[in-house]
Amino acid sequence: MTTFTRFKNQSFGDKTFTITLAVVSVAILVAIIYPVYFVLIASVSEPRLVSTGRVVLFPEGINLFGYKQVLDDGRIWTGYRNTIIYSVVGTALNLLVTLPAAYALSRPEFRPRRFLMIFFAFTMFFNGGLIPTYLLYRDLGLIDNWLVFILPGAINVYNLIIARAFFEHSLPNELYEAGMLDGLDHFQYFTRVALPLSKAIISVIGLYYLVARWNDFFTGLVFVRTYDKQPLMIVLRDILLQNQAFAGGAGTAGGTGGAYGQDYADQIKYAVIVVATLPVIVVYPFIQKYFEKGVMIGSVKG
């Protein structure tokens, strides 16, 4: 039975509900997608047309000045290289730590698990603050060290809780008992049985970790002094500040130079947003099918 046939056979109340739900869903979809789409078309449109509101649905007066300014800056490639390294290595470490910990905490025979979960959860609400953290990193030799992007965030408690819920509720205990009868120990069961069945949760928390690593701005701003070690977000920030200073300088020169410079500074902002977010957007379609399954973990059981 087709969707149209099912809709045709519904009662008047059901049809009204279906239509209302469809309209609301489309409105929410447009409200979410249009700002992203507008940033994309504004980044390739003539800045004057964007500032006067003439760019609404399609790009007008194709202009790649923003991308030229961003991509011609040699610092951008250094930032990309650093961020890719920090994101890939950091996410791999996150999964290497989070998944075994989540599995151990999901096993009922592991007696200290409740105490350890309270210990982990405590860190979600309380931390030492910026100055003690800085002093700790200094004593550990992490200041101006690329490992400061990798080691301190090795585990996220929220992701740990999600992974633990998956291992505890989505993998039947009968599977574990069968593995034990076949002579598997916990490590073998985890690597040979649990992990291959956990693609959904690995994709979900892997994406969470990857996005957090990719967008990490604060670490480079506070704990890194050497520019060659700075991530992409710091480089993009510096490019924006540099062009904002140019726009302000053009304004003080007299006439309409300030408005002209500000228009192009805004176009550079749009280009920076696209350059910063495009890699993550490109990665998402490849794990979408697992992501849709993983985000429902723990929502409805029965």
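Is Arg 138 buried, partly exposed or exposed, and what is its relative accessible area? In this predicted model, Arg 138 is partly exposed, because its relative accessible area is 48%, a value that lies between the limits of under 20% for buried residues and over 50% for exposed ones. The side chain of Arg 138 meets that of Asp 139 in a salt bridge, with a distance of 3.5 Å from N to O, and Asp 139 counts as exposed because its relative accessibility is 58%.

The overall architecture of the protein is described by 14 helices and 0 strands, so that the elements, followed from the N terminus on, run as an unbroken series of the symbol α. Of the 302 residues in the protein, 34% are buried.

Salt bridges were examined next. Side chains of opposite charge can pair when their charged atoms come close, and a search of the whole structure finds 4 salt bridges. One of these joins Glu 109 and Arg 107, whose side chains meet at 3.2 Å, N to O. The acidic partner, Glu 109, is partly exposed, with a relative accessible area of 39%, whereas Arg 107 counts as buried at 10% relative accessibility. Arg 107 also takes part in a contact with an aromatic ring, since the residue lies over the face of Tyr 176, at 3.9 Å from the ring centre.

Another salt bridge is formed by the side chains of Glu 168 and Arg 113, at 3.5 Å from N to O. Because Glu 168 lies in helix α8 (residues 157–169) and Arg 113 in helix α6 (residues 113–125), this pair ties together parts of the protein that are 55 residues apart in sequence. With a relative accessible area of 29%, Glu 168 is partly exposed, while Arg 113, at 11% relative accessibility, counts as buried. Both residues belong to a network of salt bridges in which they are linked with Arg 164.

Aromatic contacts were then considered. A pair of aromatic rings is described by the distance of the centres and the angle of the planes. A search of the whole structure finds 15 aromatic pairs, and one of them, between Phe 122 and Phe 126, is stacked, with 4.8 Å from centre to centre and 25° between the planes. Phe 126 counts as exposed, at 52% relative accessibility. The pair of Phe 166 and Phe 167 has ring centres 5.8 Å apart and planes at 75°, and is therefore edge-to-face. Each of these two residues is buried, Phe 166 with a relative accessible area of 7% and Phe 167 with one of 3%. Phe 166 and Phe 167 are also members of one aromatic cluster, which includes Tyr 103, Tyr 176, Tyr 189 and Phe 190 as well; Tyr 176 is the residue whose ring face lies under Arg 107.

Helix α10 (residues 186–194) contains Phe 187, which counts as exposed because its relative accessibility is 60%. Phe 187 and Pro 100 are separated by 87 residues in sequence, yet their C-alpha atoms are 9.0 Å apart in space. Helix α11 (residues 199–214) has 16 residues, which at 1.5 Å a residue should span 22 Å, and the end C-alpha atoms are indeed 22 Å apart, so the expected and modelled values agree. The buried residues of α11 include Ala 200, Ile 201, Val 204, Ile 205, Leu 207 and Leu 210, and among them are also Arg 213 and Trp 214.

Two loops deserve a separate description. In the loop between α7 (130–139) and α8 is Asp 144, which is buried, with a relative accessible area of 19%. Most residues other than glycine have a negative phi, but the phi of Asp 144 is near 60°, a positive value. In the loop between α3 (47–51) and α4 (65–71) lies Val 56, which counts as partly exposed because its relative accessibility is 41%. Val 56 contributes to a nonpolar surface patch of about 1100 Å², whose other members include Val 24, Val 26, Ile 28, Leu 29, Tyr 34, Tyr 37, Leu 57 and Phe 58.

Terms used: Residues numbered from 1 in each chain as written. Predicted model: local features only at pLDDT ≥ 70, side-chain atom pairs only at ≥ 80, totals over all residues. Heavy atoms only, no water. Patch = residues over 30% accessible without salt bridge, like charges linked within 9 Å, V, L, I, M, F, W, Y side chains within 5 Å. Areas by Shrake-Rupley, 256 points an atom, 1.4 Å probe, with all protein chains shown as cover. Helix = DSSP H or I, 4+ residues; strand = E, 2+ residues; numbered from the N terminus. Buried < 20%, exposed > 50% of the residue type's maximum accessible area, 1.4 Å probe, protein only. Phe/Tyr/Trp six-rings, centres within 6.5 Å; stacked < 30°, edge-to-face > 60°. Lys NZ or Arg CZ within 6 Å of the ring centre and 35° of its normal. Expected span 1.5 Å × (residues − 1).
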